[in-house]
Amino acid sequence: MTKALKRLLGVLCVASVLAPFSVTVAAAAEYLVTVAKPNRLFVVDMKARKVVRDHVIPGEGSGPQTVVPSPDGKIAYVLTNNWKTISGIELNTGKEVFRADSSHADDERTIVMGMTISPDGKKIYSHEVPAKILIDEYQPQPTRISIYNTNAGTAAKPAKILSNIPRRIALLLMSDDGTKLYAMGWDFYTMDPETGEITATFPLRNWNRPGITPPDMLNFWPMPESSGMFSSVMGYMRTDLPADDPKAYVTALLTLDLKSGQFDIVPINMDPEILFTATIAPNRRVAFGGFLGISKIDLLRGRVVQREELDHSFYQFNVSKSGNEVYVGGTMCTIAIYATHDLKKLGKVELPGCPDVGGGAMRLVNTTLD
């Protein structure tokens, strides 16, 4: 028997001994995470086109809104309890592993607007609007950002509070390297995440751009996970044209590169029908948005290159990390799926019991489930 044959037989023998103890390691897959009234959290397998987890968010109150996934995709931090509580839910098991109630004093009523997580998954940032409860009124208090440690359990208290924070903040975002905290309100602020110091301001309501009015925008849905870019629809008016000229009304995308920190505004040559979200594809050359229809937007040319009607109105548009599919959700209980290259409808997923998603967020994660 040759030495090579002996080595081969030895390997086969070891393999046969270890075979009964072998373990199959599940591969990570892409899941869509969304919420619905009154207290539901869903995990959808987008390849299989089906809901694979249906969890009840613990506690009283209703109206889950913002969803912030952990960087490893294993936990969803949900703004719930009528915008007063952050609940961290394990996507695989449904177990609540984190909970923070926003009121820090007995005489306070506090709601949370923006919420985000640090890139290392260790800190939650929460923009809070407190008011003292008096006999006959709510007395507004200075807004703040509370920072919670994600390992603080289900009775989490702020590890740090950042004061003197601007009001009217609807969204918080973190830079990819964790050195900048972005806060979108009437203007877009760049902050030091440790001190809350405003280091830069991108003007929106307070801009002074010649020939155009300040913009109008409404967005509670940050969805930068596929492209690394935040985008928001805005509308403004050209003052060099008569008010009855349709060309006077401009739809544009406000974009923020979370790696470089670069802001940009991309005017889109289209009718003003995209109201809330338009999400950028991984290639950063196209975006997808709409309301009663779905539009494919060429960002380089600033124009819609294709549009298809939708079954009803939708608030949110997200793009698979492969760049091959567009997911359309919000308003009702259906998530519609379209091909990015030709907007052909590929299918849909209906949430069990058809609960009302409303303004609940729709995020993508890559993770493993048992």
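How do strand 22 and strand 23 pair, and over how many bridges? In this predicted model, strand 22 covers residues 293-298 and strand 23 covers residues 303-309. The two pair in the antiparallel sense, over 6 bridges. Within this pairing, Ile294 stands opposite Glu308 of strand 23. The two strands form a hairpin with 4 residues between them. Gly302 belongs to this hairpin and takes a positive phi near 65°.

Beyond strand 23 the chain enters a loop that leads to strand 24, residues 316-319. Asp311 is found in this loop. The relative accessibility of Asp311 is 60%, above the 50% cut-off, so the residue counts as exposed. Asp311 also has a spatial relation to Ala336. The two residues are 25 apart in sequence. Their C-alpha atoms are 9.2 Å apart in space.

A second hairpin is formed by strand 8 and strand 9. Strand 8 runs over residues 108-117 and is mostly covered. Of its 10 residues, 8 are buried. Strand 9 spans residues 123-133 and runs antiparallel to strand 8. The two strands are joined by 8 bridges. One of the bridge partners is Pro130 in strand 9, which pairs with Thr110. The hairpin has 5 residues between its strands. Gly121 lies in the turn, with a positive phi of about 75°. In a regular strand, side chains alternate between the two faces of the sheet.

Backbone geometry was also examined in two loops. One of them lies between strand 1 (29-36) and strand 2 (40-45), and Pro38 is found there. The peptide bond from Lys37 to Pro38 is cis. Its omega is near 0°.

The other loop connects strand 5 (75-80) and strand 6 (85-90), and Asn82 has its place there. Phi of Asn82 is positive, near 55°, in a residue other than glycine. Trp83 is found in the loop between strand 5 and strand 6 as well. Trp83 is not a glycine either, yet its phi is positive at about 70°. What is the relative accessible area of Trp83? The value is 24%, so Trp83 counts as partly exposed. Asn82 has a relative accessibility of 37% and therefore counts as partly exposed. Both values fall between the 20% limit for buried and the 50% limit for exposed.

At the level of the whole chain, the secondary structure comprises 1 helix and 28 strands. The chain has 370 residues, and a compact globule with that number would have a radius of gyration near 21 Å. The protein chain has 23 Å, which agrees. Along the principal axes, the C-alpha trace spans about 95 × 55 × 45 Å. Of the 370 residues, 51% count as buried.

Contacts were considered between residues at least 6 apart in sequence. Of these, 48% join residues at least 24 apart. The accessible surface of the protein chain comes to about 17500 Å². Carbon and sulfur atoms account for 53% of that surface. How many positive and negative side chains does the protein chain have? There are 39 positive and 39 negative side chains. The centres of the two sets lie 8 Å apart.

Terms used
Residues are numbered from 1 along each chain as its sequence is written. This is a predicted model: local features need pLDDT of at least 70, side-chain atom pairs count only at pLDDT 80 or more; totals for chains, interfaces and linings use all residues. Side-chain values use heavy atoms; hydrogens and water are left out. The radius of gyration is taken over C-alpha atoms; the globule rule is 2.2 Å times the number of residues to the power 0.38. Buried means under 20% relative accessible area, exposed over 50%, partly exposed in between (1.4 Å probe, protein chains only). Contact means heavy atoms within 4.5 Å. Accessible areas come from the Shrake-Rupley method with a 1.4 Å probe; for residues, only the protein chains shown count as cover. Lys and Arg count as positive and Asp and Glu as negative; His and the chain ends are not counted. The place of a charge is taken as NZ of Lys, CZ of Arg, CG of Asp or CD of Glu. Two strands pair if DSSP finds at least two bridges between them.
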